[in-house]
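Student: Could you take me through one part of this model closely, namely the salt bridges and the residues that form them?

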Amino acid sequence: MIRYTRYLMPTTKETPSDAEVVSHRLMLRAGLIRKVASGIYTYMPSGLRVLRKVERILREEMDRAGAMEVLMPSVVPSELWKESGRWDAYGKELLRFKDRAEREFCLGPTHEEVITDLVRREIRSYRQLPLNLYQIQDKFRDEIRPRFGLMRGREFFMKDAYSFDADEAAAAESYRKMYEAYRRIFRRMGLDFRAVEADTGSIGGSSSHEFMVIADSGEDAIVSCASCAYGANVEKAECMPSEPAGFAAKEGAPRKISTPGKRTIEEVASFLEIEPGMLIKTLLFETSCGDVAVLVSGAHEVNEIKVKNFLGADWVRLAAEERVREITGAPSGYAGPVGLAVRILADHSVRAIASGATGANEKDAHLLDVVPGRDFSPDGYADLRMVTERDPCPRCGGGLRFSRGIEVGHVFRLGTKYSEAMRAVCLDPDGKERTLVMGCYGIGVGRTAAAAIEQNHDEDGIVWPISIAPFEVAVIPVNMKHAEVAAAAERVAQALDAKGVEVFYDDREERPGIKFKDADLTGVPVRVTLGEKNVAAGFGEIRDRKTGETRRIELPLLAEEALAMVEKKKAECAP
């Protein structure tokens, strides 16, 4: 049992001026965190209690899935990152420094290199596999713009796990186990979440899933099917190939039309009196593979991630204005595929355009009656566009739903990207060397706590799921100076504590309104209130923080009823 008068929980009424999102505001107001520097925070006692509860669930489910806990250093020598090729590729988010002997190190934002180095030294035979090692550790990424409190900090706690297998089939099974473990983890935390297909990004690998907590404030847009289990973030969401045009192309060469000052899809479509979908939009990209023109229907947007993955490029970016002029001879807004002397890729949506309009590669001019395959020939057709609400599910054809999500976990099938680069091998049953097949699995600990607040709050404060709440029951005597009230509150608090309930006893000599506001702000799931009139009549009150439901209970049954409510809430968070 924790007594308020002996506890550091500095709540405040004021909303901090630099807090942009709900979780940041409420964590500061509820005394969970305090800022030290940009993107760096001290976890106050209640905030640390939340983190420890998240960590406990993580450890229990990782252990249940067969993973073993280790603890790797946060300071990593550059040699390991250079072996994998990420020392230069990772970017400025990697905080590099030198020790007194001028040796280069970094603060680890992730630990693929360290764990691969460990395993290549310790594993010799396939008989030692499968192997899954995890840690919960403080990490650092030098974010260019830290914001949103724990959502995008520079220093953060993370659970990262790494699996090693002798072949792809075994690696797929390890991935499945982690995927299911993650589902249990977030169900136990009482969160509404989706597992969605995602791009592998700088981590690399063949495939990945993000675990998204559904919240209106989420930075990421995700799609999910209303009829099946399909889900993906919008960067990864697949688009079904468009049907070929149902009408014949116009005969004859394309016609050049003057379009003075008309550069955007909307301006050109309106000027030419055609639907945007009849325009073949041409965007020029500079990539690590050279210049590329990407074509898409004017009704859609190019997906740069899909372009990057299709090309197998290290990087992709829209061509600068100067480069556009060099390639097309015209300013941006007038590019077209006819006569263009660069590699051309076309999205499937272009197939649905029998005769379309394009830029003429000439200022203030467009071409009409352009026929794909006749007037230009793409080097290939592929899914290169962003998904829309009109698209069907790529798995079952059902309708797609769009929502916002906060990424709290990510699982990757890494393959041999790191093990091959760092020579992590084992001997197979025939005595031949096999490169280990890897997976990696991360969960942001503080980020998960912040995401829980984004999903669970109201105008009065936090509404914690009980499994990660700092306390389970708040016992509030309305008047500590009233002997009978104080005595009744003490009995209830002691009885609950004896049953293993985490009790926060507000023994301050403060006004009832202040106590109630602090209880709501800090989000304790169950509140037991004892007032003078109720105690005199032999009663107390129990209030559910989530629903606001309040019940008047006889004093001898008060602790028992509070315990029952706690147990019910715990059952709701069962995996």
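Tutor: Glu490 is partly exposed, its relative accessible area being 23%, and in this predicted model the side chain of Glu490 meets that of Arg3 in a salt bridge with an N to O distance of 2.7 Å. Because Arg3 belongs to strand 1 (residues 2–3) and Glu490 to helix 12 (residues 483–498), this pair ties together parts that lie 487 residues apart in sequence.

A second pair is formed by Arg86 and Glu112, whose closest N and O atoms are 3.0 Å apart. Arg86 lies in helix 4 (residues 86–89) and Glu112 in helix 5 (residues 112–122), so the salt bridge ties together parts that are 26 residues apart in sequence. Both partners are buried, Arg86 as well as Glu112, which means that each has under 20% relative accessible area.

In a third salt bridge, the side chains of Arg413 and Glu168 meet at 3.3 Å, N to O. This pair links distant parts of the chain, with Arg413 in strand 22 (residues 400–415) and Glu168 in helix 6 (residues 168–188), 245 residues apart. Arg413 is partly exposed, with a relative accessible area of 23%, and Glu168 also counts as partly exposed, at 44% relative accessibility.

Beyond such pairs, Glu60, Glu61, Arg64, Arg184 and Arg188 are joined into one network by salt bridges that share partners. For the whole structure, the search finds 49 salt bridges, among them the one between Arg3 and Glu490.

Key:
Residues are numbered from 1 along each chain as its sequence is written. This is a predicted model: local features need pLDDT of at least 70, side-chain atom pairs count only at pLDDT 80 or more; totals for chains, interfaces and linings use all residues. Side-chain values use heavy atoms; hydrogens and water are left out. A salt bridge is a side-chain nitrogen of Lys or Arg within 4 Å of a carboxyl oxygen of Asp or Glu. Helices (H or I, at least four residues) and strands (E, at least two) are DSSP runs, numbered from the N terminus. Buried means under 20% relative accessible area, exposed over 50%, partly exposed in between (1.4 Å probe, protein chains only).
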